[in-house]
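The following exercises ask for a reading of helix packing, burial and chain contact. Each task is followed by a solution in steps.

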Amino acid sequence: MKWIPVYKRELRMLMRRMGNLGYLFSGLLFPMIYLLAFGWGLGDSVNVAGGYIGFLAKGMMAISVMMNSFQQTVISISAARFYYGTFQTLKLSPIGEKSLAFGLAMAGVTRGVFAGVIIALAAWLFFDIATLTIPGIIGLVLTAMCFASFGVAVGMSIKGQEQFSIIVNFFITPMTFFCGSFFPITNLPDMVQMAVKYLPLSLANSLLRLTSWDGSAVISVAILLLTAIAGFAWSVWRLNNYSEFE
Amino acid sequence: MENQTMPLAIEVKDLYCSAKGKKILQGVSLQVKQGEILGLLGPNGAGKTSLIRLICGLGPWQQGEIYLMGEKAERTRTDAQKAMLGLVPQENNLEKELTIYESIYCYGELYGLKDIKDQTEALIQKFHMEEWREKKPRQLSGGMQRRATIARASLPDPKILILDEPTVGLDPAMRQEVWQQVQMLKEAGTTILLTTHYMEEAELLCDRISFLKEGRVLLTDTAAGIKHRVMQDKGTLEDAYLSLVTGEGRQK
């Protein structure tokens, strides 16, 4: 349980940043604007089973979980490494690399789940839509785990903010638009559908929209879980090979 | 006799380190005895901070060995080896979101201390930080931040404390305060390795001094020993440093 002090420290710092409006908005503004703009602007004029606003709200939840679990984790770790020197404190602490990676990832999961819940509340408040189901909650947490563990690994791997921009531009932004957050994946050409079907955000969207368990949900859960484990293994490897000479 | 059986606090044997095609350390050997203060002096780029990083396990080396309290240290450290060491880096690295109290408290949690509240309170008193315990780093001067950083590093009572240029950029009064803190930690039995550019500081604080140049240790001795060996007792430590390290000694 050595990861708990890492988690508590990250959470304590997160709470302080949350008091900062800039932080709150940067993580939630984008999905919130899309939810309100498309929700009010297009409303149910877009033909999607179950209604477009409900569809969009779940998509925005998935996006906000991804952004907050992944991007905020990468930013937090890379800033601690490059600008504030605070990562040294963690690396030198007698907590072991696995516990350190797990504590940082769990803080990312908390960030992501919190952001997802805020979007769910906004959907309920503005459009009177209940977005969270049991499979949805499981999907939300697994998605956060998947993106947070990769967030730790990427935060440990990048050598500067430029590399982070490349990852955002080439991986996160395409996932945002092609993984079924704004429209069903089935609207895409077959080739593109095949390419994006098993990406974490597509799986997150599919789980968030489930009302009951089926075979595809189990596959989605398994893939998200395996991806989270792969991200965690990468994080531990990076921590074991940590170098301030890079 | 007791000293002969006690393991060295730090032993570095023939350490080589290169990074990005640059030779950083070229066969550094160094011994720090338990309870002593060893000063590392050398020009910028001599390899002082790099050596510290390697001793702390913050990077890889290509050849050589590092021992901490007699135990071989690999690149990835065991928790017990990590607990032996405390590091105060050149730049104050207190968490900007946390108050001084919280920063110290969280550090205690990371080190798995018991009675952290009591220990944090005691440390704040010991280092006279009561008045600004609830302040964040940005609300404090560089000297105050330095004091808090040193205090925090000493919380888990590490056997070895490494201070990288602890007084750089501080005014004379603050510098004296830091010196007092270092003395206090030595009296408590902590082994200290410190780097500095100030000869006065090295002479005042250090039991022995190592001169480092271009990734090599040139000489290790007491300040008096260095003056004797390099200047034949006819110059200051600074003269000896200039003569040995820069080759521009003011020979008297």
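Contact here means heavy atoms within 4.5 Å. The model is predicted.

**Exercise 1. The contact between the chains**

Determine how many residues each chain contributes to the contact, and state the area buried between chain B and chain A.

Solution.
- Step 1. Applying the contact criterion, one finds 36 residues from chain B and 29 residues from chain A.
- Step 2. The two chains, B and A, bury about 3000 Å² between them, and 56% of this area lies on carbon and sulfur atoms.
- Step 3. On the chain B side, the most area is lost to chain A by B:Leu58, B:Lys82 and B:Leu110, which together account for 23% of what that side buries.

**Exercise 2. Burial of helix α4 of chain B**

Establish how many residues of helix α4 (residues 100-110) of chain B are buried, and identify the elements against which they pack.

Solution.
- Step 1. A residue is buried when its relative accessible area is under 20%.
- Step 2. This holds for 11 of the 11 residues of α4(B), so the helix is largely enclosed by the rest of the structure.
- Step 3. Among these buried residues are B:Glu102, B:Cys106, B:Glu109 and B:Leu110. B:Leu110 also appears among the chain B residues that lose the most area to chain A.
- Step 4. The packing partners come from both chains: α1 (3-18) and α4 (87-92) of chain A, together with α5 (116-126) and α6 (142-154) of chain B.
- Step 5. Just after α4(B), B:Gly112 takes a positive phi of about 65°.

**Exercise 3. Packing of α4(B) on α5(B)**

Classify the arrangement of α4(B) and α5(B) from the angle at which they pack.

Solution.
- Step 1. The axes are 9 Å apart, and the packing angle is about 130°.
- Step 2. This angle makes α4(B) oblique to α5(B), and the crossing is right-handed.
- Step 3. On the α4(B) side the contact includes B:Tyr101, B:Ile104 and B:Gly108, while α5(B) contributes residues including B:Lys117, B:Glu121 and B:Ile124.
- Step 4. Sorted by class, this contact has six nonpolar, two polar and three charged residues.

**Exercise 4. An antiparallel pair in chain A**

Classify the crossing of helix α3 (residues 52-82) of chain A and helix α5 (residues 97-127) of chain A.

Solution.
- Step 1. The two axes come within 8 Å and cross at roughly 150°.
- Step 2. An angle over 145 degrees counts as roughly antiparallel; α3(A) and α5(A) therefore fall into that class.
- Step 3. The handedness with which α3(A) passes α5(A) is right-handed.
- Step 4. Residues of α3(A) in the contact include A:Met60, A:Ser64 and A:Asn68, and those of α5(A) include A:Arg111, A:Gly112 and A:Ala115.
- Step 5. The class count for this contact is 12 nonpolar, nine polar and one charged residues.

**Exercise 5. The position of B:Pro156**

Is B:Pro156 buried or exposed, and which residues beyond its neighbours within four places in sequence does it contact?

Solution.
- Step 1. B:Pro156 lies in the loop between α6 and β7 (160-164) of chain B.
- Step 2. Its relative accessibility is 16%, so B:Pro156 counts as buried.
- Step 3. Once neighbours within four places are set aside, B:Pro156 is in contact with B:Tyr107, B:Tyr111 and B:Leu113. Of these, B:Tyr107 is one of the buried residues of α4(B).

Notes:
Residues numbered from 1 in each chain as written. Chains lettered and ligands numbered in written order. Predicted model: local features only at pLDDT ≥ 70, side-chain atom pairs only at ≥ 80, totals over all residues. Heavy atoms only, no water. Axes fitted to C-alpha atoms, helices over the stretch in contact; angles between N-to-C directions. Helix = DSSP H or I, 4+ residues; strand = E, 2+ residues; numbered from the N terminus. Parallel < 35°, antiparallel > 145°, perpendicular 65-115°, else oblique. Left-handed = near helix turned anticlockwise from the far one by under 90°. Nonpolar A, V, L, I, M, F, W, Y, C, P; charged D, E, K, R; others polar. Buried < 20%, exposed > 50% of the residue type's maximum accessible area, 1.4 Å probe, protein only. Buried area = accessible area lost by both parts, 1.4 Å probe.
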